[in-house]
Amino acid sequence: MEIYRSPQSKKQAEKPRAIYYSRGKLIAGVVIWILATGLFGVLTVRSLPVSNIWIAVALITLASAWMLFNCIRGLGKLDTPVLLIGRDGIRFPDGVLIGWGDMEENVYYSQSYMGLPILKMVQIKTTLEKPRVKKMRVSALAMDSDEYLSICDSYSQGVVPPATR
């Protein structure tokens with residue numbers, strides 16, 4: 001059963017909605033990861049003469065440097081949409097389009113530990129041969145889970161299931 005929508009709402013539903021990276025979240029990530037990389041770098045240097053613990057600390061330093069690199073790379077892509085949600089489905093940055101009729105499950109995971117965000121991810125399970133599951137981290141996007149799910153609901157209403165292949 002389709003819910004009544006006004007003509008303006010129907011017209012809005014015809015245009016795809018672009019979701020971009022949040023400048024504020026990326027800048028905060030850059031600051032946090034610069035501090036973390038510096039801290040772990042100092043710990044790596046100080047633990048060099050003590051024992052072999054420096055290997056573990058160096059790996060943590062490399063991981064934090066990788067996260068810093070990802071935040072800086074995201075700042076360079078502020079003008080291109082990360083997700084494009086439209087009448088035909090969800091288009092990902094790698095060009096993969098998953099139609100509404102091909103989705104078995106569309107979930108927004110938001111995990112935290114003691115108030116600190118750990119993981120924010122969109123996971124879509126499909127009926128397609130490839131990809132069976134499409135995952136994307138969305139912690140730096142300018143949207144939350146409620147907004148994502150409401151956008152998906154508004155675009156997927158009234159979609160006829162795809163024909164058998």
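## Close-up views of a predicted model

**View 1. Helix H4 lies across strands E1, E2 and E3.** Helix H4 runs at about 40° to E2 as it crosses E1, E2 and strand E3 (89–91); angles are taken between N-to-C directions, from 0 to 180 degrees, with axes fitted as lines to C-alpha atoms, for helices over the stretch in contact. Helices (H or I, at least four residues) and strands (E, at least two) are DSSP runs, numbered from the N terminus. A word on the model before we go on: it is predicted, so local features need pLDDT of at least 70 and side-chain atom pairs count only at pLDDT 80 or more, while totals for chains, interfaces and linings use all residues. Residues are numbered from 1 along each chain as its sequence is written, and side-chain values use heavy atoms, leaving out hydrogens and water.

**View 2. Four strands make an open antiparallel sheet.** The strand order here is E1-E2-E3-E4, where two strands pair if DSSP finds at least two bridges between them. Strand E1 (17–19) and strand E4 (97–98) are the edges, each pairing on one side only. Three bridges link E1 to strand E2 (residues 83–86) in the antiparallel sense, and Arg17 has Ile85 in E2 as its bridge partner.

**View 3. A second open sheet holds three strands in the order E5-E6-E7.** Its pairing is antiparallel, and its edge strands are strand E5 (103–113) and E7, each of which pairs on one side only. On average, neighbouring strands of this sheet are turned by 15° against each other, direction ignored. E5 and E6 are joined by ten bridges, and Val107 stands opposite Gln123 in E6. Helix H4 (residues 145–156) packs on this sheet too, touching E5 and E6, with its direction at about 170° to that of E5; contact means heavy atoms within 4.5 Å.

**View 4. A hairpin joins E6 to E7.** Six residues make the connection, and strand E6 (residues 116–126) pairs with E7 in the antiparallel sense over five bridges. Ile124 has Lys134 in E7 as its bridge partner. Which side chains of E7 (residues 133–137) are buried? Lys134 and Met136 are, and they point to one face, while Val133, Lys135 and Arg137 point to the other and are not buried. Buried means under 20% relative accessible area, exposed over 50%, and partly exposed in between (1.4 Å probe, protein chains only). Look also at Pro131, in the loop between E6 and E7: the peptide bond leading to Pro131 from Lys130 is cis, with omega near 0°.

**View 5. Met114 has a positive phi.** This residue sits in the loop between E5 and E6. Its phi is near 55°, a positive value in a residue other than glycine. With a relative accessible area of 71%, Met114 is exposed.

**View 6. Helices H2 and H3 cross at roughly 160°.** The axes of helix H2 (residues 23–47) and helix H3 (residues 54–75) come within 8 Å. The two helices are therefore roughly antiparallel to each other, a label for angles over 145 degrees. By class, their contact has 18 nonpolar, eight polar and one charged residues; Ala, Val, Leu, Ile, Met, Phe, Trp, Tyr, Cys and Pro count as nonpolar, Asp, Glu, Lys and Arg as charged, and the others, Gly among them, as polar. Thr61 lies in H3 and counts as buried at 14% relative accessibility. Not counting residues up to four places away in sequence, Thr61 touches Thr37, Phe40, Gly41 and Thr44.

Note on methods: Parallel < 35°, antiparallel > 145°, perpendicular 65-115°, else oblique.
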